[in-house]
Amino acid sequence: MNLLEKKSALEAKWEFDSGMEIMSAPAIADLDDDGLKEVIFATRTGRVCALKSGKVMWFYDASEAMTETEKLFSGEALNSIQGSPAVADINGDGRPEIIIGCETGLLYVLSSSGKPIWRFRAGAPIRTTPLVYDIDRDGRNEIVFGTSGGSVYALDSQGKVLWGVKADSPVESSCVVIDKKSVQVIFGSNSGRVYSVSNGKLAWSFKANDKVIAAPVAGNIYGNAETFIVFGSFDKNLYVLDEGGRLCWSYSTEGKIASEALLADINGDGKLEIIFGSCDDSVYVLSAEGRKLWSYETDFWVAAQSKAVDINQDGKMEVIAGSYDNSVYVFGAEGNFSLNYMPGLSGVMQQPGHYTELISAEVGSYIGKLLLRYNAGGIVTGISVAKERGGEMVVVATGNGKIIELQHKR
């Protein structure tokens, strides 16, 4: 055990208990322009809340904005907000707005102080995190999101529909953008089909063998000019496509992949590693070529996106992952090598008549180097990170309603 492992600890800087189920990662943003970051999260009961240093700044109850008819046919589950809030300045006033979708099929835009600005009726549940991006290159941000009715909408900053497309099945995957010659909006669907849409028209599609609810991510994984699309599926595979939707390679796990992958150069090789969780209980780190660098098995599903930050300020990246086993894990970027045999007892030995000096069989594998573990007191449904004064801000959401800011202590 090294010095870091002996003297380090992960502990709560503050903890807030909402008492309501939280189904996704919080957002982190400076809402009041005071140089400090606030935490914005949504609940299964349809509430949106902003915290400053663990104290409530404001909250908005989406169910209160419903008409009496909507309330008549609604319930707690129908009020739920499953996606994370999106935070961005969509109206050019210099202050961020909060954009959220609800199970009622309503998309809400709130001011930085939690006041409703406008809402859009999509006609089917919205279970995704809205994408905010200037998709038509007019200098103003648009809002793109999918619905369980299979429709994907692009709205302008006032809530006017710019275009809508129809997928072959419900869309519970958030969107990602590739902005090159044209702007591609890419998203997955419950049939397993991944779509690329440009200017409201289908550019291409790719078919996996089961649901794609994890948002695709895009990046220059090889450190060159080409962008690749990375996503996981309920068919247990992670896929890498090129910009035209052609399969480059895939990697198989033993469980469904529900979490968005993370692309980050955690080992300084100039390429992006691919970090993701699976419902086989494991966290995986793959090279850009699809080779497993290391993995680590937790005690339950890993269904939240992992993060990569220098949490202990040692100049090296760490991987932070959350599990349904109630734990937050911190791993070193480099794994530990573990032998698959006990030397001198079994496995690899020189056999009679065999004179090869080099053994070609793999005799071990790399597993995650666990540095720290924290019990969050509930299944970890989301982790968010942001730069903050003095270091990294790491905030965890749990299924039983807790929001926790974690800090590294020596």
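# A guided tour, starting at Arg 44

Begin by selecting Arg 44, which is partly exposed with a relative accessible area of 26% (buried means under 20% relative accessible area, exposed over 50%, and partly exposed in between, with a 1.4 Å probe and protein chains only). What you have open is a predicted model, in which local features need pLDDT of at least 70 and side-chain atom pairs count only at pLDDT 80 or more, while totals for chains, interfaces and linings use all residues. Residues are numbered from 1 along each chain as its sequence is written, and side-chain values use heavy atoms, with hydrogens and water left out.

Next, add Glu 21 to the selection: its side chain meets that of Arg 44 in a salt bridge, at 3.5 Å from N to O (a salt bridge is a side-chain nitrogen of Lys or Arg within 4 Å of a carboxyl oxygen of Asp or Glu). Glu 21 lies in the loop between strand S1 (9-17) and S2, and Arg 44 in the loop between S3 and S4, so the pair ties together parts that are 23 residues apart in sequence. Glu 21 is partly exposed, with a relative accessible area of 37%. The strand names used here refer to DSSP runs numbered from the N terminus, where strands (E) have at least two residues and helices (H or I) at least four.

From Arg 44, move to the strands on either side of its loop, strand S3 (residues 38-42) and strand S4 (residues 47-52), which run antiparallel and are joined by four bridges (two strands pair if DSSP finds at least two bridges between them). Select Phe 41 and you will find that its bridge partner in S4 is Cys 49. Widen the view to see an open sheet of four strands in the order S2-S3-S4-S5, with antiparallel pairing. Its edge strands are strand S2 (27-29) and strand S5 (55-61), each of which pairs on one side only.

Now select Ser 112, in the loop between strand S8 (106-110) and strand S9 (116-121). Is this residue buried or exposed? Ser 112 is buried, with a relative accessible area of 11%. Leaving aside neighbours within four places in sequence, Ser 112 is in contact with Leu 31, Trp 58, Arg 95, Pro 96 and Ile 98, where contact means heavy atoms within 4.5 Å.

Continue to strand S12 (residues 151-155) and strand S13 (residues 161-166), which pair in the antiparallel sense over five bridges. Leu 155 has Val 161 as its bridge partner in S13. The two strands, S12 and S13, form a hairpin with five residues between them, and in the turn Gly 159 has a positive phi of about 95°.

Further along the chain, select Arg 246 together with Asp 242, which form a salt bridge whose closest N and O atoms are 2.9 Å apart. Arg 246 counts as exposed at 55% relative accessibility, whereas Asp 242 counts as buried at 10%.

For the last stop, select Lys 271 and Glu 289, whose side chains meet in a salt bridge at 2.7 Å, N to O. Lys 271 lies in the loop between strand S22 (262-264) and strand S23 (273-277), and Glu 289 in the loop between strand S24 (282-286) and strand S25 (292-297), so the pair ties together parts that are 18 residues apart in sequence. Lys 271 counts as partly exposed at 29% relative accessibility, and Glu 289 is partly exposed as well, with a relative accessible area of 43%.
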